[in-house]
Amino acid sequence: MIKLDHFALLIAVAAIVALSLWPLKSHGEGDHEEDHGDAGDGHAAAHWSYDGADGPEHWGDLSPDYTACKAGRMQSPIDIAADATGLSVGISGNDYAYQETPLSILHNGHTVQLNYAPGSSMSVEGEKYDLLQFHFHAPSEHTVGGKHYPMEAHFVHQDSHGGLAVIGVMIEEGAANAALADAWAHLPAHETAAQMVADVSVNASAVLPADGRYYHYKGSLTTPPCSEGVRWFVLSEPISMSAAQIKKFEDTAAPNARPVQPLNARLLIGSN
Ligand SMILES: [Zn+2]
C-alpha cells in the first residue's frame, strides 16, 4: 500500500513536472522570430545568432527560409543619414491608442520582449495596426549619421491582413526610465518563456517620447527570416535610460543588433 502510494506520488510529480515544462517546450524556435512574434509555419527554424558562423553575415545561408536576409533589397535596419533632416514640424500622422497592459515578459534567446494584451493599436493613414509586443536591442540597430545609440526599442504592430508596422525608438543614456522601471525589476536574466507578473502593468504610451515625428521607410524584420514589407517609423526623439538600466539589459541580451543594410532604391521620408 505504501509502495503504491509512492508510485502514485511519483506519477503525480512526473505529471506536474511535465506540465510545468510544457510551456517551455511549446515556446519553440518559431517564437525566436522576435520582430514577427510567430513564424507560423510550424517547422523548426534554423538556429541563428549575432556572431560567428551563424551570425548576421551568414543568416541568408542558414536556411532556405532566410533567403531574404541575403537577397532582399529592402532590408532593415538602415543608417539614417545625418542630412536626412527633412522632418517638418508638427505632430506625426500616427495616432496611438495604447492601453495599460499586465506585465508579460520573456527572453527568447535573442532579446527581452514584453507582450501586449489585445486592445492597443495605432493607426497609420487610416489603417489600424494592433500592438503585439515591444522588445529591445543593444546597441541600437538603426544608426543616425553612422552613430549607434546604446539601445533601441521596437514596438511591433500588425494589421488585420498580417502586415507589420514597427515603431523604432532610440534610447540614450541619461535619466532612469520610470515607465520601464517595473519591467526592468523583472527583466529575465536567461532565456525563458513568458512570465505574467502579478499586479504589475506597463503602458507603452508612457514609454514613447513626447515628439511623435519620425523617419519612415519600407524595410524588413531585423532578425531571420528578414521578411520584407515592414513599415518602419523611427522616431527622431530618443528616450533615456540610466546607465544601470542599460547595463542590466546588456548583461542579459547584448549585443543583439543586426548591422545596417544598404538603402538601395528606397526613399527615407520624414513625417509631416
Ligand atoms: Zn527588433
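In which loop does N264 lie? In this predicted model, where local features need pLDDT of at least 70, side-chain atom pairs count only at pLDDT 80 or more, and totals for chains, interfaces and linings use all residues, N264 is placed in the loop between α6 (243-253) and β14 (269-270). Residues are numbered from 1 along each chain as its sequence is written.

The protein contains six helices and 14 strands, where helices (H or I, at least four residues) and strands (E, at least two) are DSSP runs numbered from the N terminus. Of the 272 residues in the protein, 36% are buried; a residue is termed buried if 20 or more other C-beta atoms lie within 10 Å of its own, exposed if 12 or fewer do, and partly exposed in between, with C-beta atoms placed from the backbone. Two residues are taken to be in contact if their C-beta atoms, placed from the backbone, lie within 7 Å. Among the contacts between residues at least 6 apart in sequence, 69% join residues at least 24 apart.

The largest nonpolar core, a nonpolar core being a set of buried Ala, Val, Leu, Ile, Met, Phe, Trp, Tyr and Cys residues joined through C-beta atoms within 7 Å, has 53 residues, and those with the most contacts inside it are M151, F155, V166, V169 and I171. Strand β9 (residues 164-173) supplies the largest share of this core, namely seven residues. When its neighbours within four places in sequence are left aside, I171 is in contact with Y149, P150, M151, E152 and A153, and also with P238, I239, S240 and M241.

Two cis peptide bonds may be described together with their surroundings. The bond from S76 to P77 is cis, with omega near 0°, and P77 lies in the loop between α3 (68-71) and β1 (79-80). The bond from P224 to P225 is likewise cis, with omega near 10°, and P225 is situated in the loop between β11 (214-220) and β12 (228-235).

Positive phi values in residues other than glycine are found at D199, where phi is near 65°, and at N264, where phi is near 55°. D199 belongs to strand β10 (residues 192-203), and this residue is classed as exposed because 7 other C-beta atoms lie within 10 Å. N264, in contrast to the strand position of D199, occupies a loop, and N264 also counts as exposed because there are 10 C-beta neighbours inside 10 Å.
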